[in-house]
Every structure is written in structure tokens, then in C-alpha cells.
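Some descriptive terms rest on explicit criteria, and the questions that follow ask how those criteria are met.

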Amino acid sequence: MYFPFINAKQFDLDALCELDVKHYDNVIPVIIPANVTNCKKNIAKLISKNIHFVLVLNFGKKRFPDIKQITEHFINDALKNYQNFSIAYVIRKETEKLEIANYIQSFPTLKKSLIHGFEFDDRQFLKSLSTIEYNIFLADLVDSSYIEQVSNNNSVLINDGFLKQSRNVDYPPKNIFKTNISDYHSKNALGFGDFTIIGNNDTTGFAAFSVALHLTVINHSSIFIYHFVSDDKDGQSEIARKYNDALTELVDFVDTNKIFTTTGISGFQDSYKSGHYPGLGIPKKWSIKNHIEQISNHISIL
């Protein structure tokens with residue numbers, strides 16, 4: 001099973017809402033609420049399709065809703081009459097045993113998971129928590145021995161496989177995407193996941209000097225991210241033209257290579273045919289959709 005982490009901003013959640021429901025046979029999204037209003041609106045769309053997801057209570061990103069807000073606006077409101085979801089609590093360096101114990105006792109009717117972003121000292125205590133649905137490990141932050149000592153045959157291994165660059169112009173033509181897609185079963189895990197083509201450090205910066213479009217391609221169980229990048233010689237202007245330059249390279253690549261066609265790729269192709277510049281949020285959505293659809297398709301044919 002594939003667990004993509006989604007920072008629930010507008011276009012990220014739009015990507016989930018637009019996926020064909022068949023993909024959710026292989027996909028359980030882990031949703032990190034980014035705000036209240038937009039996230040509630042889009043979660044309502046997921047509810048209408050009866051999609052199962054995990055809602056993170058305390059991912060700790062600045063300006064994101066805290067546990068109190070998530071409880072008030074989601075658990076006790078938008079999700080009040082919905083059963084097909086579970087909640088997850090993040091363990092960090094500063095997390096205390098009492099906090100975890102209180103979390104286990106809270107929300108008695110909901111399934112609960114733990115997200116391990118740090119190696120908690122009392123491993124025996126964590127091992128004793130038999131009601132935890134998923135032990136989700138940020139595998140770049142904890143080692144394999146910790147996973148073995150804490151898990152109750154319910155591990156999910158998450159990698160931040162996207163090699164984010166500070167400048168778009170610095171992206172190489174392609175790079176391999178770190179993942180456990182081919183070996184999570186051999187590591188006695190129930191699933192694997194990632195932060196899609198966004199990465200765990202999703203920050204909003206200044207206007208870009210160049211446009212970068214990211215395309216996920218799977219080849220023999222190895223995941224690659226291809227980067228199609230415009231020039232930056234015109235500074236922060238001519239963004240529509242730069243988008244078209246990067247888009248032309250992406251569509252040419254798709255047309256000349258054997259790639260499973262997703263609705264994400266179709267979005268890029270339709271944009272190329274129309275010549276319309278949709279802004280940069282919608283291409284981001286197409287890249288996320290393509291990433292999830294490529295992985296879902298690969299799981300289906302294994």
C-alpha cells in the first residue's frame with residue numbers, strides 16, 4: 001500500500017480529489033491540514049467519494065492548524081459523521097510519554113497511528129501500544145533497529161525522495177527518487193510512502209526566475225523524477241513564456257518515450273495543445289497526480 005504525504009494546500013488536495021477512485025485501492029493519503037477553510041472544502045470532496053485517509057494532528061509546520069483547531073474544525077465538524085478515516089500523532093524529540101498516552105486515550109471511536117520523526121527512548125512502551133493501526137516511520141530520521149523494536153507488524157516506511165533545489169535552474173535533467181517501493185515487503189512493512197514531488201520542506205519563496213516542471217517515471221521498480229526547466233535570463237518576468245518552454249520539453253519527452261499515460265500527463269498535454277498558461281499551481285497538481293497514478297499503476301501490475 002502506498003501512503004503519500006500531502007501538505008493540504010489548494011492544488012495538493014485538488015490532486016487527491018481528482019484522482020479516479022480506483023487508485024484508492026492502492027493509496028491511503030496522509031493529509032497534513034494546511035489551513036481550515038480550503039482544507040475543509042476539499043476534504044468534503046474526499047468524503048463524497050468515501051475515500052479512506054489518515055489525518056495528521058500535529059505535524060508542526062508553522063502557520064498550519066494545531067491540534068485544537070483540527071479537533072474543532074475537522075474531527076468535531078467536517079468529519080463528525082464520517083467513519084472512513086483515522087488520525088495520526090507525530091513523535092518528535094520533545095515529545096513526552098504522557099503526551100502519547102493522552103493521545104491514545106483521546107477520540108476513543110477513531111483509529112490511531114503514530115508518525116515517528118524521532119527515535120523515542122521508551123521503545124518498550126511504544127511496542128506495548130497494540131491498538132495502533134500504523135506505525136509510520138520517517139525512514140530518513142530513524143534507523144532500522146528502531147523500526148524493528150517498535151513496530152507490531154504495522155510499519156509504513158516513508159522517504160523524502162524528492163531532491164529539492166533552492167533554485168529551479170539547479171535541477172538536473174533527472175534524478176533517482178529514493179523509495180521503498182520494491183523492498184518494503186522484505187522489510188516486513190505494510191506499506192511505503194513519500195512526500196510526492198513536493199518534498200518535506202514545502203516552502204513558499206519569492207517569484208521564480210525559471211520554471212521547473214517535474215515528471216515521475218517508473219522503470220523496473222526504480223522511480224525517476226525528470227525535471228524540465230526553462231532558462232532564467234529574463235529574471236522574474238516572462239513566466240508564461242518560460243512555462244511554455246518547459247512544457248514543450250516535457251511533452252516532447254512524453255511523446256518520444258514509452259511512459260504510462262496518467263491524467264496528470266494528459267493535463268500537461270492538453271495545456272500544450274491549448275497554448276493556455278494556467279499559472280504554476282495547476283501544473284503542480286498535474287505533477288502530484290502523475291506521481292501518485294504512476295505508483296498506483298505500478299502496484300497494480302506487480
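Q: What makes the residues of the lining of the largest cavity divide into nonpolar, polar and charged, and how many fall in each class?
A: In this predicted model, the lining divides into 5 nonpolar, 3 polar and 1 charged. The lining residues are Phe-5, Ile-6, Asn-7, Asp-12, Phe-195, Thr-196, Ile-198, Gly-199 and Ile-288. Because Asp counts as charged and Phe and Ile count as nonpolar, whereas Gly is placed among the polar residues, Asp-12 is the charged residue of this lining.

Q: Which strand gives the largest share of the lining of the largest cavity?
A: Strand 1 (residues 2-8) gives the largest share, with 3 residues.

Q: Why is this space called a cavity, and what is the volume of the largest cavity?
A: The term applies because a 1.4 Å probe fits there but cannot get out. A search of the whole structure, with a cut-off of 30 Å³ or more, finds 1 cavity, and the volume of the largest cavity is about 50 Å³.

Q: How do you know that strand 8 and strand 11 pair?
A: Pairing requires at least two bridges, and 4 bridges join strand 8 to strand 11 (residues 222-229), so the two strands count as paired, and they run antiparallel. Within this pairing, Asn-175 has Ile-225 in strand 11 as its bridge partner.

Q: What makes strand 8 and strand 10 edge strands?
A: The open sheet of 3 strands has the order 8-11-10, with antiparallel pairing. Strand 8 (174-177) and strand 10 (212-219) each pair on one side only, and the twist from one strand to the next averages 25°.

Q: Which helix lies across strand 8, strand 10 and strand 11?
A: Helix 9 (residues 281-301) does, running at about 5° to strand 10.

Definitions and conventions: Residues are numbered from 1 along each chain as its sequence is written. This is a predicted model: local features need pLDDT of at least 70, side-chain atom pairs count only at pLDDT 80 or more; totals for chains, interfaces and linings use all residues. Side-chain values use heavy atoms; hydrogens and water are left out. Axes are lines fitted to C-alpha atoms, for helices over the stretch in contact, and angles run from 0 to 180 degrees between N-to-C directions. Contact means heavy atoms within 4.5 Å. On a 1 Å grid over the protein atoms alone, a cavity is a set of points where a 1.4 Å probe fits but cannot get out, and a pocket is an open set with protein on both sides within 12 Å along at least five of seven lines; lining residues have an atom within 4 Å of a point. Grid points are joined across faces, edges and corners, and a volume is the space filled by probe spheres set on the points.
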